[in-house]
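The following exercises are to be worked through with the sequence and the three-dimensional model at hand. Each task is followed by a solution in steps.

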Amino acid sequence: MSLPPLQPEQRIKPPGFELRISLIYGAIFASLGIHLPYFPLWLEAEGFNAEQIGVILAAPMFVRVITTPVISSMADRARDRANMLVAVSIASLALSLGYFLPTSYGVVLAVSVLLAIFWAPQVPLTDSLALSGVRRFRSSYTKMRIWGSLAFLVASVVCGAILSVSDASTIPIMISAGLLLACAAAMLAPRLGPPRRPAGVSGAVVLGAGPKLFGLYFILFVAGTGAINASHGFMFAFVSIYWKGIGLGDATIGALWAWAVVAEVVTFLVFNRVLGRVSANAVMAIAGFAAVVRWIVYPLIEPAGLGVLGFFLVQSLHALSTGLLLIGLQKMIGETMPEERTGAAQGVAFFAVGFSMAVVTLASGPLYEWLGINGFYAMAIVAAVGLALIAAASLSQRNHPHKSGVGADTMEP
């Protein structure tokens, strides 16, 4: 069954659609480029131990895997998904000011949990708008999404430079400044109207050639993606603290994070030419294999005397373990999900990815206290589990093949 025809207003491409989506990605990921590498350093500077840091980082993840799918589904039913993006951006900025309250474990934990409810949906909501542009106007997802990676890179370097001449107390200021930028960019979000809905078909069922939203292939794929992504949790939580502990400066730490994003940007630039015709299953399998190799190599760098150069080399694998993971997930959703269920599919995928990351991050505190940098070997096992799930998803798809041209009914002219 085909989707109903576009309404006249839905046929009109908003002026500067790609530019506006690119700006939103850039602004959102600039704030993430401050929070992800440096927030753990602020927590350590405030006197929290590894277990407390693990809880503060993990608790918001457990909350957002519940709330983000709800917000994404609400956006699917809203008059316009852009309005929901604006609302969560404003709420995020307001809640980030809670980090300026007198610091205590309870306050920081509460602010982090509340902030995650509204900060986390910003990326999947933007993805939903971007994929509608891909379907309706043949926009390029990678050409828009790449600006998020570039902004993350710049923010990481700039924040590291600022910290090299200041101290960790400036980190909450920079986080709020990044969220202010994201809020301003959300105001520019193109209005696309509500997504199209098929007549007489339950919203829980994907149309025609595609599988059901909660079919075995979809579940195995997002579970595998979640495990591969979650294997990065130990690095996100403690690698900056580890680097600081072995004597690396803030500017060098920022450069290492930025280099990983440079590698990711290269992936976005060359993907269509190199891997554009490769299946989503194969793309995700490459990401999983790269993650296994990355986590095995990480603990060997310092003992081998490779120093900063070694860390730069292993950070290059971010191009595959994260860059291909992001593309592979969106490729699968874009090829198998109709527009009226894109937001829900993003939400379900976010739940799987986020819950897995939350579990690993929570475990990372005790793991780091127990094993230190050798905790990365446990991450290699997690990534290997994800790789096995992707293989199972591929086998499931072969055993239950869909009609040729899977996803064709979901693509808009």
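**Exercise 1. Determine how many disulfides the predicted model contains, and classify Cys 159 and Cys 183 as buried or exposed.**

Solution.
Step 1. A disulfide requires a pair of cysteine sulfur atoms within 2.5 Å. By this rule, the predicted model has zero disulfides.
Step 2. Residues under 20% relative accessible area are classed as buried. Cys 159 has a relative accessibility of 1%, so this residue is buried.
Step 3. For Cys 183 the relative accessible area is 10%, and this cysteine is therefore buried as well.

**Exercise 2. State how many salt bridges the structure holds, and describe the surroundings of each partner.**

Solution.
Step 1. Side chains of opposite charge can pair when their charged atoms come close. The criterion here is a side-chain nitrogen of Lys or Arg within 4 Å of a carboxyl oxygen of Asp or Glu. Two salt bridges are found in the structure.
Step 2. One of the two salt bridges joins Arg 145 to Glu 264, with 3.7 Å between the closest N and O atoms. This pair connects distant parts of the chain: Arg 145 belongs to helix α6 (residues 141-164) and Glu 264 to helix α10 (residues 250-275), 119 residues apart.
Step 3. Arg 145 has a relative accessible area of 3% and is therefore buried. Glu 264, at 6% relative accessibility, is likewise buried.
Step 4. Lys 244 and Asp 250 also form a salt bridge, at 3.0 Å from N to O. Lys 244 has a relative accessible area of 37%, so this residue is partly exposed, whereas Asp 250, at 13%, is buried.

**Exercise 3. Describe the overall architecture: which secondary structure elements are present, what share of the residues is buried, and what supplies the exposed surface?**

Solution.
Step 1. The secondary structure consists of 15 helices and zero strands.
Step 2. The protein has 413 residues, of which 57% count as buried.
Step 3. Among contacts with a separation of 6 or more, 87% are between residues 24 or more positions apart.
Step 4. The exposed area is about 15,900 Å², and carbon and sulfur atoms supply 70% of that area.

**Exercise 4. Count the cavities of 30 Å³ or more, give the volume of the largest cavity, and identify the residues closest to its centre.**

Solution.
Step 1. The count is one cavity of 30 Å³ or more.
Step 2. The volume of the largest cavity is about 1,300 Å³.
Step 3. The largest cavity is lined by 50 residues, and those closest to its centre are Phe 29, Leu 32, Arg 64, Phe 236 and Phe 350.

**Exercise 5. Locate Met 357, and list its contacts beyond four places in sequence.**

Solution.
Step 1. Met 357 lies in helix α14 (residues 342-371).
Step 2. With a relative accessible area of 5%, Met 357 is buried.
Step 3. Neighbours within four places in sequence being set aside, Met 357 contacts Met 61, Asn 229, Ala 230, His 232, Gly 233 and Phe 236.
Step 4. Ile 228 is 129 residues from Met 357 along the chain, yet their C-alpha atoms are separated by 9.2 Å.

**Exercise 6. Place Gly 254 and Asp 127 in their helices, and decide whether each residue is buried or exposed.**

Solution.
Step 1. Gly 254 is located in helix α10. Its relative accessible area is 0%, and Gly 254 is therefore buried.
Step 2. Residues up to four places away in sequence being excluded, Gly 254 touches Tyr 38, Ser 156 and Val 157. Between Gly 254 and Ala 161, which lie 93 residues apart along the chain, the C-alpha separation is 7.7 Å.
Step 3. Asp 127 is located in helix α5 (residues 122-137). At 5% relative accessibility, Asp 127 is classed as buried.
Step 4. Beyond four places in sequence, the contacts of Asp 127 are Tyr 25, Tyr 141, Gln 330 and Gln 346. Asp 127 and Gln 346 are separated by 219 residues in sequence and by 8.1 Å from C-alpha to C-alpha.

Conventions
Residues are numbered from 1 along each chain as its sequence is written. This is a predicted model: local features need pLDDT of at least 70, side-chain atom pairs count only at pLDDT 80 or more; totals for chains, interfaces and linings use all residues. Side-chain values use heavy atoms; hydrogens and water are left out. Buried means under 20% relative accessible area, exposed over 50%, partly exposed in between (1.4 Å probe, protein chains only). Helices (H or I, at least four residues) and strands (E, at least two) are DSSP runs, numbered from the N terminus. Contact means heavy atoms within 4.5 Å. Accessible areas come from the Shrake-Rupley method with a 1.4 Å probe; for residues, only the protein chains shown count as cover. On a 1 Å grid over the protein atoms alone, a cavity is a set of points where a 1.4 Å probe fits but cannot get out, and a pocket is an open set with protein on both sides within 12 Å along at least five of seven lines; lining residues have an atom within 4 Å of a point. Grid points are joined across faces, edges and corners, and a volume is the space filled by probe spheres set on the points.
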